[in-house]
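Let's take a walk through this protein together, from the broad picture down to single residues. Have the sequence and the 3D view open as you read.

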Amino acid sequence: MLKQDYMQVSQDQPNYFEAPLQLLLFVDGRPKSRQQVQRIRAYLKELQAEYKFELQIIDVGQQPYLAEHFKLVATPALIKIHPEPRQVLAGSNIIAQLKNWWPRWQTAVDAYLKLQEDFQERIDDNGRVSPAKSTITSVAVSAELIRLSDEIFNLKQEKEKLQEQLQFKDRVIAMLAHDLRNPLTAAAIAIETLQANYNSETGEFQRLKPTMTAHLLKQARTQTKIIDRLIADLLQVGRGSDKEFPIVPQRIDLGQLCLEVLEELGDRYLAKSQILETDIPKDLPSVYADPERIRQVIVNLLDNAIKYTPAGGKISVAGLHRTTQKVQFSVGDTGPGIPLESRDLIFENHFRLQRDEATEGYGIGLCLCQRIIRAHYGQIWVDSNTTGGAWFHFTLPVYPF
């Protein structure tokens with residue numbers, strides 16, 4: 001009897017009797033194919049009344065791996081899986097194809113049964129197992145193997161991703177502890193010096209000149225900002241995708257923002273006797289961006305430039321009105337530069353050059369920069385400096401007037 005309901009091929013429900021002629025009908029849930037499927041099933045029912053065969057109907061939405069197993073490119077599709085060879089009928093004229101092939105399939109079944117009688121391909125007297133034939137049950141086993149293989153592959157991928165996350169976490173914790181030590185020590189020394197020289201009765205700092213007091217207060221404030229930035233960078237780089245990265249764009253003066261950051265980092269590049277060269281046109285148009293996020297980008301790029309440029313080297317900052325829609329901002333240095341093969345990789349999460357393994361930083365700064373710039377629909381990249389070192393460039397949209 002023809003099965004009227006969609007069925008899953010499964011070895012959990014084995015067929016104890018398998019007819020010599022075995023067919024699989026692959027269907028989908030599209031309304032356009034529903035009438036065609038009904039006509040095919042009705043025609044098969046007529047054929048089964050005259051010639052017994054076994055049919056199972058498979059919904060590709062429930063068992064997509066079976067469609068992949070048979071390399072189907074369209075549904076509905078009717079497959080003769082036994083007797084061999086396998087044959088696929090697909091397209092909009094399955095019934096017409098079936099009318100043409102049905103007598104040949106009957107002949108093939110009769111020939112198969114005759115061979116069964118002559119050679120008895122089961123188990124002979126010597127205990128030899130006969131060759132396995134392709135049946136609905138064997139297809140079910142193959143389908144289950146495909147499904148399990150897919151699950152194992154997905155589990156392996158999840159395992160590798162979790163292992164990478166755990167390794168990143170351990171590495172970041174160790175490096176963050178190392179990076180926080182210096183600013184924490186500097187801030188603590190400044191605060192302790194101020195506290196030791198503070199007279200609560202007079203409200204004044206004893207044995208400290210006003211300039212020294214101002215310097216210590218600035219040092220404590222600067223170091224706490226560095227600590228805050230390190231922690232903020234770490235938290236932000238671990239959040240969602242670029243599209244989910246929150247920004248609050250507004251009109252900002254990119255040149256003025258850069259000068260503020262340079263003043264904030266002034267003690268660092270002056271301590272290394274580095275030369276600062278700026279080329280920011282006065283008529284550089286305002287950009288439409290999040291000021292705090294872009295400040296993070298500039299701080300990260302200048303921080304790297306100061307870190308990798310040797311004492312007495314040069315740091316360059318430049319602005320360029322590229323088009324009516326884009327402004328380009330660049331930070332250059334005379335450090336060791338970035339190898340050509342690593343220029344795309346350095347923007348990946350926690351990627352670090354081998355030479356930098358002993359250098360402070362946990363390799364998320366440039367990844368964070370890329371996420372911020374992409375959230376503004378801009379681009380960020382690195383080039384070689386003609387005088388040695390590297391040039392980092394990024395673009396931002398011009399503020400619409």
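**A guided walk through the chain**

At 72% relative accessibility, tyrosine 377 counts as exposed (buried means under 20% relative accessible area, exposed over 50% and partly exposed in between, with a 1.4 Å probe and protein chains only). Tyrosine 377 sits in the loop between helix H9 (365-375) and strand S12 (380-384). Its phi is near 60°, a positive value in a residue other than glycine.

Before going further, a word on the model. This is a predicted model, in which local features need pLDDT of at least 70, side-chain atom pairs count only at pLDDT 80 or more, and totals for chains, interfaces and linings use all residues. Residues are numbered from 1 along each chain as its sequence is written, and side-chain values use heavy atoms, with hydrogens and water left out.

Now for the overall picture. The secondary structure of the protein chain comes to nine helices and 13 strands; helices (H or I, at least four residues) and strands (E, at least two) are DSSP runs, numbered from the N terminus. Of the 401 residues of the protein chain, 43% count as buried. Among contacts between residues at least 6 apart in sequence, 74% join residues at least 24 apart, where contact means heavy atoms within 4.5 Å.

Let's step back from tyrosine 377 to the helix that it follows, H9. Is H9 enclosed or open? Ten of its eleven residues are buried, so H9 is largely enclosed by the rest of the structure. Among these buried residues are Leu366, Leu368, Ile372 and Ile373, and also Gln370 and Arg371.

Serine 273 offers another positive phi, about 55°, although it is not a glycine. Serine 273 is found in the loop between helix H7 (266-271) and strand S8 (275-279), and it is exposed, with a relative accessible area of 52%.

Two prolines deserve a look as well. The peptide bond from threonine 75 to proline 76 is cis, with omega near 0°, and proline 76 has its place in the loop between helix H2 (64-69) and strand S3 (77-82). A cis peptide bond also joins histidine 82 and proline 83, with omega about 5°. Proline 83 lies in the loop between S3 and strand S4 (87-90).

Next, find two helices that pack together. Helix H6 (residues 254-264) and helix H8 (residues 291-308) pack at an angle of about 50°, with their axes 10 Å apart; axes are lines fitted to C-alpha atoms, for helices over the stretch in contact, and angles run from 0 to 180 degrees between N-to-C directions. H6 and H8 are therefore oblique to each other (angles under 35 degrees count as roughly parallel, over 145 as roughly antiparallel, 65 to 115 as roughly perpendicular and the rest as oblique). Which residues meet there? Leu254, Leu257, Cys258, Glu260, Val261, Leu262 and Glu264 in H6 meet Pro291, Ile294, Arg295, Ile298, Val299 and Leu302 in H8. The residues of this contact divide into ten nonpolar, no polar and three charged; Ala, Val, Leu, Ile, Met, Phe, Trp, Tyr, Cys and Pro count as nonpolar, Asp, Glu, Lys and Arg as charged, and the others, Gly among them, as polar.

Isoleucine 252 is a good companion to that contact. It is found in strand S7 (residues 250-252) and is buried, with a relative accessible area of 8%. Not counting residues up to four places away in sequence, isoleucine 252 touches Leu257, Ser286, Val287, Ala289, Pro291 and Ile294. The C-alpha atoms of isoleucine 252 and valine 287, 35 residues apart along the chain, are separated by 5.6 Å.

Histidine 393 is another residue to pick out, in strand S13 (residues 390-397). Is histidine 393 buried or exposed? Histidine 393 is buried, with a relative accessible area of 10%. Leaving aside neighbours within four places in sequence, histidine 393 is in contact with Gln328, Phe329, Ser330, Gln379, Ile380, Trp381 and Asp383. Its C-alpha atom and that of valine 382, eleven residues apart along the chain, are separated by 6.1 Å.
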